[in-house]
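Student: I am new to this structure and would like a close look at one part of it. Could you take me through the sheet and then the place where the chains come together?

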Amino acid sequence: MNIYVLVKRTFDTEEKITVSNGKIADDGAEFIINPYDEYAIEEAIQVRDAHEGEVTVITIGGDEAQKQLRTALAMGADKAVLINTEDDLDEMDEYTSAKIIAEYLKDKEVDLILAGNVAIDGGSGQVGPRVAELLGINYVTTITNLEIDGTSVKIIRDVEGDSETIETSLPLLVTAQQGLNEPRYPSLPGIMKAKKKPLEELELDDLDLDEDEVEAKTETIEIYLPQAKAAGRILEGDVADQVKELVNLLNTEAKVI
Amino acid sequence: MTKKVVVLGEAREGALRNVSFEAIAAAKKISGGGEVVGVLLGDAVQSLADEMIHYGADRVITVEHPHLKQYTSDGFSQAFMAVYEQENPEAVVFGHTALGKDLSPKIASKLASGLISDVTAIEGEGDDAVFIRPIYSGKAFEKVKNKNGLLFITIRPNNIAPLNHDTSRSGDKSSVSVDITNLRTIIAEVVRKSTEGVDLSEAKVVVAGGRGVKSEEGFAPLQELATLLGGAIGASRGACDANYCDYSLQIGQTGKVVTPDLYIAAGISGAIQHMAGMSNSKVIVAINKDPEATIFKVADYGIVGDLFEVIPMMIEEIKKLKRTD
């Protein structure tokens, strides 16, 4: 089975966000694989181990994204592809990313594509379904369980807390929701092996894509931090009085109950 | 230039969701005095058309088909595209709900258009409209505009105020018939887990528990408080990891991002990942035994105390208040 995983390098969830020169400052920040993409990688490895085949992880980014690809290889993926857009593109949006990834995948034999349901930085969750549509294959988002039998696929997906059981078939793109699995940590032998696994690097030229063809449809004009909240009020007195005061404040001052 | 804007209404259990009315208000703003066209897709949705008009849609188009009883991306995209091709709008607005998140990228991709997802505010009107959306799970915001072509946005529930409900408004109601074929997905079963029927992401009140809740049973008083306030319960990752509750309740950087009017954090210490999921709530109440807990830094009101003592007392006080209303 040919399995592809779409991966994004994102800020560590522990990072505090600061803005300088209208951009998110990233000097000194720790980067990780987008947490939802880790579920996708883990699932891909489990599917391969059960059904044979090969797992290829794909990312778009600069040289520094090699680190996250090596981590995915150390977890157990077989091959990695970095589509390096650093020299070609200043601005990208979800249209751009999906178009590039679909262009790479269009002449591959694809059985299953996995991705995170959302990236914790941009937070739009568009790229997976967009890629599926461009490739003309079906997709199921926010999945929490995946069973494959031949080309039949049975999925459980999370729909705002409810769970939907879905029957569909390969080829298919799915996006991972929390609860799908418990992603493994790379083992030491895994890390050693990962150094020798193939990591292919491509540019837009290699995909026969012009910058114009992938030009972003939307434009970010400003990035800013939320206003710092004024310090709240810690109530005082014995607990019964605090509760009375709180309910009163919620009713008359905040007007939310 | 005025715009024609198409808004997808979304029904849940036979009624339109609030986010649909919020989407009409967003569409009105984007239209710059143009036309707002509501769209309803389902097996029996005609009766909901008036409600869209009462909330500000100029007219409504319904598409009914047995295959639209349950949402599938194939079925709904075929139905929506039939309307799109008939109307040829300049802009499209969906709710940023499970359905909206699943369907909007497919349609945007079909139309080779941009898509500004999860919008929480709109500045300016018509052609000058600029869209604000949270990034890094609400740790920062970006202002985005459409460069060219179709403007397509999804709006986050609970952030854009709906227009006044006016039952004297009237408008044209029409239907489009479609042939829905080649559904690649079959929905075999739906298990409702959301206990009290209030959707966490749309709830006006969220009562969330953390490790301090101590057990699955510990959520019972939180659920009682949430029900009393017409809200939903949520949880921190800590509570989910400890198996006190289902991951579908998790609020945070991984998990759901909520912006209710009132967020009550009980026994939650306030890890940065959790705060990313709730810090934009309008009013935050923190209840924690530890006076040093970081949750107090974002709370509007804080009580240092045992949640198992505080919450039952809150329930009693609120019941008293409701009786005097």
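Tutor: Happy to, and please keep in mind that this is a predicted model. Let's begin inside chain A, where strand β8 (residues 112–116) and strand β12 (residues 172–176) run parallel and are joined by 5 bridges. To find this pairing on your screen, look for Leu112(A), which stands opposite Leu172(A) in β12(A).

Next, see what lies against these strands. Helix α4 (residues 127–135) of chain A packs on the sheet and touches β8 and β12, along with β1 (2–6) and β9 (138–149) of chain A. The direction of this helix makes about 180° with that of β12(A). A helix from the other chain packs on the sheet too: helix α4 (residues 98–110) of chain B touches β9 and β10 (152–159) of chain A. Its direction makes about 95° with that of β9(A).

Now step back to the whole sheet. It is open and has 10 strands with mixed pairing, in the order β13(A)-β7(A)-β6(A)-β1(A)-β8(A)-β12(A)-β9(A)-β10(A)-β11(A)-β13(B). The edges are held by β13 (199–202) of chain A and β13 (186–191) of chain B; each has a single partner strand, so one side of each is left without a neighbour in the sheet. From one strand to the next, the twist averages 30°.

There is another strand pairing between the chains to look for. Strand β15 (residues 233–234) of chain A pairs in the parallel sense with strand β18 (residues 301–304) of chain B, over 2 bridges. Here Arg233(A) stands opposite Tyr301(B) in β18(B).

That brings us to the interface as a whole. In chain A, 72 residues are in contact with 86 residues of chain B. Between them the two chains bury about 7000 Å², with 54% of it on carbon and sulfur atoms. The rule finds 9 salt bridges across this interface. In one salt bridge, the side chains of Arg17(B) and Glu160(A) meet at 3.0 Å, N to O. Across the interface there are also 42 residue pairs in polar contact, with both residues at pLDDT 80 or more.

Finally, consider the side of chain A that touches chain B. Its largest share, 10 residues, comes from helix α6 (residues 239–252) of chain A. The residues on that side divide into 32 nonpolar, 19 polar and 21 charged.

Conventions: Residues numbered from 1 in each chain as written. Chains lettered and ligands numbered in written order. Predicted model: local features only at pLDDT ≥ 70, side-chain atom pairs only at ≥ 80, totals over all residues. Heavy atoms only, no water. Contact = heavy atoms within 4.5 Å. Buried area = accessible area lost by both parts, 1.4 Å probe. Salt bridge = Lys/Arg side-chain N within 4 Å of Asp/Glu carboxyl O. Polar contact = N/O pair within 3.5 Å; in protein donor to acceptor, adjacent residues only side chain to side chain. Helix = DSSP H or I, 4+ residues; strand = E, 2+ residues; numbered from the N terminus. Nonpolar A, V, L, I, M, F, W, Y, C, P; charged D, E, K, R; others polar. Pairing = 2+ DSSP bridges. Axes fitted to C-alpha atoms, helices over the stretch in contact; angles between N-to-C directions.
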